[in-house]
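Here are some notes for anyone opening this one up without having seen it before. Have a look at the picture, then work through the points in order.

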Amino acid sequence: MYDFDSAWLTKLEEMRAAGVNPYPNGMKPTHTSTELHELYKDVEDPSTVEGSTGVAVAGRVMFRNRFGKAMFLRILDRGEPTVDTVDAEGNPSKKGGIIQVYLRKNEVGDETFEQMKKLDIGDYVWIKGHVMRTRTGELSVQADEAMLASKIMTTFPDRWHGLNDVELRSRQRYVDLFMNEATRRTFRMRSKVVRYLRDFFEDRDYIEVETPMMQTIPGGATARPFVTHHNALDMELYLRIAPELYLKRLLVGGMERVFEINRNFRNEGISVRHNPEFTMLEFYQAWATYEDLMDITEELFVGLVDKLHGQRKIPFADFEIDFTPPFRRADMDELVVEHTPLQPEQMRDVNAMRAFYVADNPGADLDKLPTTVGKWWELLFEEYAEHKLINPTFVTGFPAEISPLARRNDEDPERVDRFELFCATWEIANAFSELNDPVDQAARFMAQVDAREGGDDEAMYFDADYIRALTYGMPPAAGQGIGVDRLVMLLTGSQSIREVILFPTLRPERKMAEQSVVEFENKDA
RNA sequence: GGGCCUAUAGCUCAAUUGGCAGAGCACCGGACUCUUAAUCCGUAGGUUCUAGGUUCGAUUCCUAGUGGGCCCA
């Protein structure tokens, strides 16, 4: 049971005893704050304008100034700060989201005024009146009627310093949202990004699909899965680490262009770039190659920054990302050569790569070093090249051994037709021409199974039904995954994935866990 | 998994070498009919994250744990 603060309980009792319902219903605002700022932005005295009466606004009280027989409130509603104005110092600023209310005792009546005097910061109110401007020029609603709309029952955060604690902000996102406009902006932006992505693929004749989140064989990526149990079927199910193998089954079915935007789950560490559940866009297009996807990706990213930022150079962390096309395209080994003393011919020589690495990393655990060319490329790329890639860069030429689902390159079968897009040193997208040769795919799965038996617990499983699907014939195709959270981070300048996920995964707070009533029981077991 | 940092009032933060636990805002009471972090007067608010230890005395020092942050693997 929740431990309510007795002072607030008393306050509510007194209010009810006085005949005031703290949680009434049915009040309707006629305008949002933003609509009023927009309607009257150029009007010196809105009270002279016909239609400025009978205006109702509603929202959370964020600020209050009380006098004996008058008061000012500023209330927050869903409006966005989009109306261009200038502030008192003459600097450009945006209005919206907040509107001031002016209440006078002789206009709202003694009874209402006494009730309004008892308002706490954080309460919801509904106000009806006319629009006016104060002596200092602030657009306000002067009240004829006012009522409490919903009562706060806890003290409000410090309104000057706000809510800064990173833990509190993500744990109590509901507080973060009403306290911080930057947070509201981030999640409005996230919504626009997702909307843009859907429109982008709809416009290109793609079908949006939903494939299983609970899978019997977790596939499509190399990662540890979450496991759960289905009682009626009495079997283990895995939360998906990727939708890939299901989307490619749809290609076999003749759905030539499909995309899915949905959650993936990976049972791994949490960091500023990793949350156990995260949102992935995957799309697949028959008759396309990975090179076509580079063109499509460029179009997608440029369109996105044009739409959401209106410019192609966007600031991020300590640098600026330039999305002006064409994006650079470079092979993985080429980038390693660029950022190490290694020569191009040494990139096929395991001993040469090992010698360089050991000399440069005296503390390295020699037993854990790679033994194959492909694994060396992966390591050297991650340690020497990745963190140099600020502007969008298509990294190509991946080794086949670290790409078990990608089509081999026709000229160099040790490589695959694959790219990853890097931005701001992060992997943002991963794409390849799809492996549609069932026999090769079966062999690649077996190599993964061997790796797993050799101790690689992130290696893939053998999915026989997926091989069976391929035996029916999958059209030549290419597919891509884009991490939506990281994309939103880039576009909002967020340094942590937790800033772009409304409710990121956190350990439960002890105090709340103690007061919660949760009974885990398995009735069928 | 390893290292470093951190936890004090609802929020933002103080507390000298180890010596009575503090401020601002919020809350409660009062004054004030154009304020912009309003102002003024008064009251109240604490298991100093948890469990041990050292000490006459611990927010402070030590050990372990828990939550969180940063860095590394």
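1. Let's begin with the two domains. The count of salt bridges between domain 1 and domain 2 is two. One thing to keep in mind throughout: this is a predicted model.

2. Which side chains meet in a salt bridge at 3.5 Å? Those of Glu-80 and Arg-188 do, with the distance taken from N to O. Polar contacts are another matter: across the interface of domain 1 and domain 2, the rule finds zero residue pairs of that kind with both residues at pLDDT 80 or more. The salt-bridge rule reaches to 4 Å, while a polar contact within protein has to fall within 3.5 Å and pair a donor with an acceptor. On the domain 1 side that touches domain 2, the residues split into two nonpolar, one polar and one charged.

3. Where do the domains run? In chain A, the domain assignment puts domain 1 at 6-156, and domain 2 is made of 181-308 + 440-510. Each of them brings four residues to the contact. Taken over C-alpha atoms, the centres of domain 1 and domain 2 are 45 Å apart.

4. How much area do domain 1 and domain 2 bury between them? The figure is about 300 Å², and carbon and sulfur atoms carry 50% of it. For the part that domain 1 buries against domain 2, look at Leu-76, Glu-80 and Pro-81, which supply 90% of that area, more than any other three residues.

5. Now for the RNA. Strand B is surrounded by 40 residues, and the closest are Phe-63, Asn-65, Thr-136, Arg-159 and Arg-498. Of the RNA strand B atoms that come within 4 Å of the protein, 55% belong to sugar and phosphate. Sorted by class, the surface near RNA strand B has 17 charged, 13 nonpolar and ten polar residues.

6. Which elements line that surface? Strands E1 (55-66), E2 (70-76) and E5 (98-104), along with helix H5 (166-171), each supply at least two residues of the surface near RNA strand B. E1 gives the most, with four residues.

7. A few individual approaches to the RNA are worth clicking on. A backbone N or O atom of Lys-69 sits 3.1 Å from a phosphate oxygen of RNA strand B. Asp-120 also approaches a phosphate oxygen of RNA strand B, with a polar side-chain atom at 3.4 Å. With Arg-74 the partner is a base oxygen of RNA strand B, 2.7 Å from an N or O atom in the Arg-74 side chain.

8. Back to salt bridges, this time over the whole structure, which holds 38 of them. One is between Lys-94 and Asp-84, whose closest N and O atoms are 2.8 Å apart. Lys-94 belongs to strand E4 (residues 92-95) and Asp-84 to strand E3 (residues 83-86), ten residues apart along the chain.

9. Last, two backbone spots to check. Most peptide bonds are trans, and most residues other than glycine have a negative phi. Pro-325 and Pro-326, however, are joined by a cis peptide bond, with omega about -5 degrees. Pro-326 lies in the loop between strand E15 (319-322) and strand E16 (328-331). As for phi, Asp-234 has a positive value, near 45 degrees. Look for Asp-234 in the loop between strand E10 (227-230) and strand E11 (235-239).

How values were computed
Residues numbered from 1 in each chain as written. Chains lettered and ligands numbered in written order. Predicted model: local features only at pLDDT ≥ 70, side-chain atom pairs only at ≥ 80, totals over all residues. Heavy atoms only, no water. Near = heavy atom within 4 Å. Nonpolar A, V, L, I, M, F, W, Y, C, P; charged D, E, K, R; others polar. Domains from an automatic or database assignment. Contact = heavy atoms within 4.5 Å. Buried area = accessible area lost by both parts, 1.4 Å probe.
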